[in-house]
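Me: Hi! I've got a new model open and would love to talk it through. Can we start with the contacts?

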Amino acid sequence: MFYSGVFSVARCPAWSRGLSRARSALAQLSTVLEAELEGIRGAGTWKNERVITSKQGAHIRVEGSSGAIVNFCANNYLGLSSDPAVIQSGIDALNQYGAGLSSVRFICGTQNLHKSLEAKIAKFHQREDAILYASCFDANAGIFEALLTPEDAILSDELNHASIIDGVRLCKANKYRYKHLDLSDLEAKLKEAQKHRMRLIVSDGVFSMDGDVAPLKEICDLSDKYNALVFIDECHATGFLGPNGRGTDELLGVMDRVHIVNSTLGKALGGAAGGYTAGPKALVDLLRQRSRPYLFSNTLPPPVVGCASKALDLLMDSNVIAQTMASKTKRFRSQMTAAGFTIGGMDHPICPVMLGDARLASSMAEDMLKRGIYVIGFSYPVVPKGKARIRVQISAAHSDQDIDQCVEAFMEVGRKHGVIS
């Protein structure tokens, strides 16, 4: 008993001190986090996640709302997320190949359907080869570090997607940021970067918050002049821009001048998940050896691959779905402009209704939901401070009646909040 008592006296205070320190650290963390969260709430930029209780589509059901809601903020550009043929292809792949591989690609995670989809993507983009990732965020995170060294230079548009920005940060190349869509500034940066071994110009094909299109022809002219490579992120272009939906480079006639294309399977091409890089075979071979998100992430699940593969089949068989987008987009943009709203971007299905104030954007989005229209307010840090907006996205699945209903709701809500008269 004596020794037991000594043991207890000697040991308990140490345990107690350790527990006290742990509680103190958690209390400090809680204080820091609550202050940060309160700042977000106070700024009016808190993001609530609405809960959908149906399939994705033009008409959905939302928890807390009665009846069908018209959805105007999904990246479901071609309406294929709930297409019966796409769904069935996913079911068939699930039955034949299983739920997942429980492995990365190079160990035991490559099936013939993965190789088939990569070949199909390369054919679609008219590139030598393609490589699949779990997401386009991973594709953007994995390419620059693997490709570029401290001898090289990367020149990136200042409004490129967050995934590009993060990917650029990871690489050791010399970094140049040029002003948004500013060709003069890009040329100045290219001149400065001539001292480096290789130069890579990096741009979104379409910028997701504003719907503006990169001037790829002029960018390619500069790349020729200054011996640079061109990379584009086509997440908001693949499937519906260009005569055959191949993207911004097809739309602007420079498919043979853009060297590397990154894009997603998670928007127009079925909307499930997945991303990819398409480009020269030697580049794809290098990415399979050195791209960390590819090497250390589980392979895409077979049902996702099956869905994306069928979506590409439908797109390559006919361009009819993609071509319906232009008229629907024009209908929305022209009516909203006539009503007095400011719509950002170019003639793209991304139609930002510019409002400026974060609280206003959030309040208007809530009022739109009450009128049966699902839209979301976007504010800092997703967009710059003072440039809050409601981003409307047009889908091939929307009818003219859907679009007219959305415009009417905007007019009612816009008058209520004093945005239009």
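Reply: Happy to! A contact here means heavy atoms within 4.5 Å. Keep in mind that this is a predicted model.

Me: Okay, so among contacts between residues at least 6 apart in sequence, what percentage join residues at least 24 apart?

Reply: That comes to 70% in this chain.

Me: And how many helices and strands are there?

Reply: The chain has 15 helices and 13 strands. Its C-alpha trace spans about 90 × 55 × 55 Å along the principal axes.

Me: What share of the residues is buried?

Reply: Of the 421 residues, 49% are buried.

Me: Switching to N140: where is it found?

Reply: N140 is part of helix α5, which covers residues 136-147.

Me: Is N140 buried or exposed, and why?

Reply: N140 is buried, because its relative accessibility is 0%, and the cut-off for buried is under 20%.

Me: Which side chain does the N140 side chain make a polar contact with?

Reply: That would be D233, at 2.8 Å. Leaving aside residues up to four places away in sequence, N140 also touches others, including S163, I164 and N262.

Me: New topic, helix α10. Which residues are buried there?

Reply: In α10, residues 281-290, the buried ones are L283, V284, L287 and R288. They cover an arc of only 140° around the axis, so they sit on the same side of α10.

Me: What about the face turned away from that buried side?

Reply: There you'll find A282, Q289 and R290, which are exposed.

Methods: Residues numbered from 1 in each chain as written. Predicted model: local features only at pLDDT ≥ 70, side-chain atom pairs only at ≥ 80, totals over all residues. Heavy atoms only, no water. Helix = DSSP H or I, 4+ residues; strand = E, 2+ residues; numbered from the N terminus. Buried < 20%, exposed > 50% of the residue type's maximum accessible area, 1.4 Å probe, protein only. Polar contact = N/O pair within 3.5 Å; in protein donor to acceptor, adjacent residues only side chain to side chain. Arc of directions from axis to C-beta.
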